[in-house]
Amino acid sequence: MTRVLTGLQPSGLLHIGNYFGAVEPMVRLQGESEMFMFIPDYHAITVPQKPAELRRNILFATAVYLAAGIDPKKTVLFQQSAVSQHTELGWILNCIAKMGELGRMTQFKDKSTGKGENVSVGLFDYPVLMAADILLYDTQAVPVGADQKQHVELARDLAIRFNKTFGDTFVVPEPLIRKEGARLMGLDSTEKKMSKSAASPKNYISLMDDAAAVEKKIKAAVTDSGTEVKAGPNRPALTNLLTIFSLVSGKTVAELEKNHEGKEYGAFKTDLAEAVNAWSAPLQMKIRELLADEAALVAVLKAGAEKARVVAEKKMQAVRTKIGVALT
Ligand code: ADP
Ligand code: TRP
C-alpha cells in the first residue's frame, strides 16, 4: 500500500470548497492507502495566532475530519506539535537547505510582499518544516493543492541531497496534485475561487453556515445571462452552482439540468439552498456533538501522536546516526 501523508492548516473557517477539495478526497483515499493525516499547528504560528483561537481551531479541525469520515483506526490522525521529531528533523534539514531555494518559494513571496523586514523567520522557513513532516514517515505520495507543489518539490530536493551526503535515508516523495475538477468558484464572482480570505463572506459557504445564511448567500450568487439552468464553458456561474448541487446531492449535473428544465434561476436557487442545507445539517450536528466532548477529541489526537511518534523516532535514530551525533 502506498504511504500517503498530508496536513491541513487548522483554520476556524472551512468552506465547502475546502471540504470537497481537500477533506473528502482524503476520506476516499483511506481504504486504499496507508494514511497519515496531521494538523500542522506549528505551521499555523508562522503568522500571528491568538492562543485561545488556535486551540479551538485545532479541535474544530479534528472534529471536521472525524465527522467527514476519517477513521482513526485507518488513518493516523495527530497534531504536529505533539510529535517533536518534526521540529527536530526540521532543524537538521535547515542545515542543508539553502537561502536561495527558500527565497524562490512563491508562497513566501506572496505572503511577505509589502511587509519589508517585518515577516517571521518561521514564514521563510515554513517549507523546511513541511519537508520534515513528509520525510519522517517515508511518505510516498503527498496530496496537496497546486499551490503546495513547490513545497513538495523542495522536500524531494532535500531528501535527495541528504541521501547523497549521508547515505540512503529518506524516501523521495511525489506530490499528488488534487484535480482541479472539484475547484469551486466564489459565489460572488466567476473569476475567483471560493476562499476564506475572500473580501466578502458572500464569496463562500462555510461548513457551519446556518440554513438562513446559506439561502441568503445562494440567492445573492451571480448567475449567467439568459434564463436556462445549464452548465457549459460560457456559463461559468451556473456551472459552479450546478457543481455544488451535484457535490451535495450526489446527482450528476446532467440529471440536475433535466430536473430544472423550464425552471427559473430563482426556483433553482431555492432548490440548491435546500440541497446544501440537507447535506450540511447532519454534518454540522456530528461536528457539534464531537466538539461537545473535548476530552474524546484530545484522546483521539493523543493516540494518533503515539503511533506517529514510533515511526518518526525510528527515522530520527537513523538520521542522528548518519549525521554523527548519535554516540552509541
Ligand atoms: P483558502 O483559499 O480558502 O484559504 P487554503 O489555501 O487554505 O484555502 O486551501 C486548503 C486546501 O483546500 C487546498 O489545498 C485546496 O485543495 C482546497 N481548496 C481551497 N479552496 C478550494 C476551492 N475553492 N475549491 C476546491 N478546493 C479548494
Ligand atoms: N503547507 C500545507 C498547506 O498550507 C500544509 C502542510 C504542512 C502540509 N505540512 C505538510 C501538507 C506536509 C502536506 C504535507 O496546505
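These questions and replies look at how the labels for this predicted model are earned.

Me: What makes the protein chain as compact as a globular protein of its length?
Reply: Start with its make-up: the protein chain has 13 helices and five strands. Its radius of gyration is 22 Å, and the globule rule gives 20 Å for 328 residues. The two values are close, so the chain counts as being as compact as a globular protein of that length. Along the principal axes, the C-alpha atoms fill a box of roughly 75 × 40 × 40 Å.

Me: How many of the contacts in the protein chain join residues 24 or more positions apart?
Reply: Such residues account for 75% of the contacts with a separation of 6 or more. Buried residues make up 47% of the 328 residues.

Me: Why is the pair of Phe 162 and Phe 166 called tilted?
Reply: The structure holds ten aromatic pairs, this one among them. The ring centres are 4.7 Å apart, and a pair needs centres within 6.5 Å, so the two rings pair. The planes stand at 45 degrees. Stacked requires under 30 degrees and edge-to-face over 60, so this pair is tilted.

Me: Where do Phe 162 and Phe 166 lie in the chain?
Reply: Both lie in helix α8, residues 149-166. They are four residues apart, about one turn of the helix.

Me: How do you know whether Phe 162 and Phe 166 are buried or exposed?
Reply: Buried means under 20% relative accessible area. Phe 162 has 1%, so Phe 162 is buried. Phe 166 has 29%, which falls between the 20% and 50% cut-offs, so Phe 166 is partly exposed.

Me: Which residues do ring pairs link into a cluster?
Reply: The cluster holds Phe 36, Phe 38, Phe 78 and Tyr 137.

Me: Why is Cys 95 called exposed?
Reply: Its relative accessible area is 55%, and exposed means over 50%, so Cys 95 qualifies. Cys 95 sits in the loop between α4 (85-94) and α5 (99-103). Val 128 is 33 residues from Cys 95 in sequence, and their C-alpha atoms are 9.9 Å apart.

Me: Why does Lys 217 count as buried?
Reply: Lys 217 has 11% relative accessibility, under the 20% cut-off, so Lys 217 counts as buried. Lys 217 belongs to helix α9, residues 211-219. Beyond its neighbours within four places in sequence, Lys 217 touches Leu 187, Pro 201, Lys 202, Tyr 204, Ser 206 and Asp 209. Thr 328 is 111 residues from Lys 217 in sequence and 63 Å from it in space, C-alpha to C-alpha.

Me: What makes Ser 195 buried?
Reply: Its relative accessibility is 16%, under 20%, so the label holds. Ser 195 is placed in the loop between β5 (174-177) and α9. Setting aside neighbours within four places in sequence, its contacts are His 15, Asn 203 and Tyr 204.

Me: How many cavities of 30 Å³ or more does a search of the whole structure find?
Reply: The search finds one. About 50 Å³ of space lies in the largest cavity.

Me: How do you know which classes of residue line the largest cavity?
Reply: Its lining residues include Met 185, Leu 187, Val 222, Pro 236 and Leu 241. Met, Leu, Val and Pro count as nonpolar. Gly 186, Ser 189, Thr 190 and Asn 240 also line the cavity. Gly counts as polar. The full lining has seven nonpolar, four polar and no charged residues.

How values were computed: Residues are numbered from 1 along each chain as its sequence is written. Chains are lettered from A and ligands numbered from 1 in the order in which they are written. This is a predicted model: local features need pLDDT of at least 70, side-chain atom pairs count only at pLDDT 80 or more; totals for chains, interfaces and linings use all residues. Side-chain values use heavy atoms; hydrogens and water are left out. On a 1 Å grid over the protein atoms alone, a cavity is a set of points where a 1.4 Å probe fits but cannot get out, and a pocket is an open set with protein on both sides within 12 Å along at least five of seven lines; lining residues have an atom within 4 Å of a point. Grid points are joined across faces, edges and corners, and a volume is the space filled by probe spheres set on the points. Rings of Phe, Tyr and Trp (its six-membered ring) pair if their centres lie within 6.5 Å; planes under 30 degrees apart count as stacked, over 60 as edge-to-face and the rest as tilted. Helices (H or I, at least four residues) and strands (E, at least two) are DSSP runs, numbered from the N terminus. Buried means under 20% relative accessible area, exposed over 50%, partly exposed in between (1.4 Å probe, protein chains only). The radius of gyration is taken over C-alpha atoms; the globule rule is 2.2 Å times the number of residues to the power 0.38. Contact means heavy atoms within 4.5 Å.
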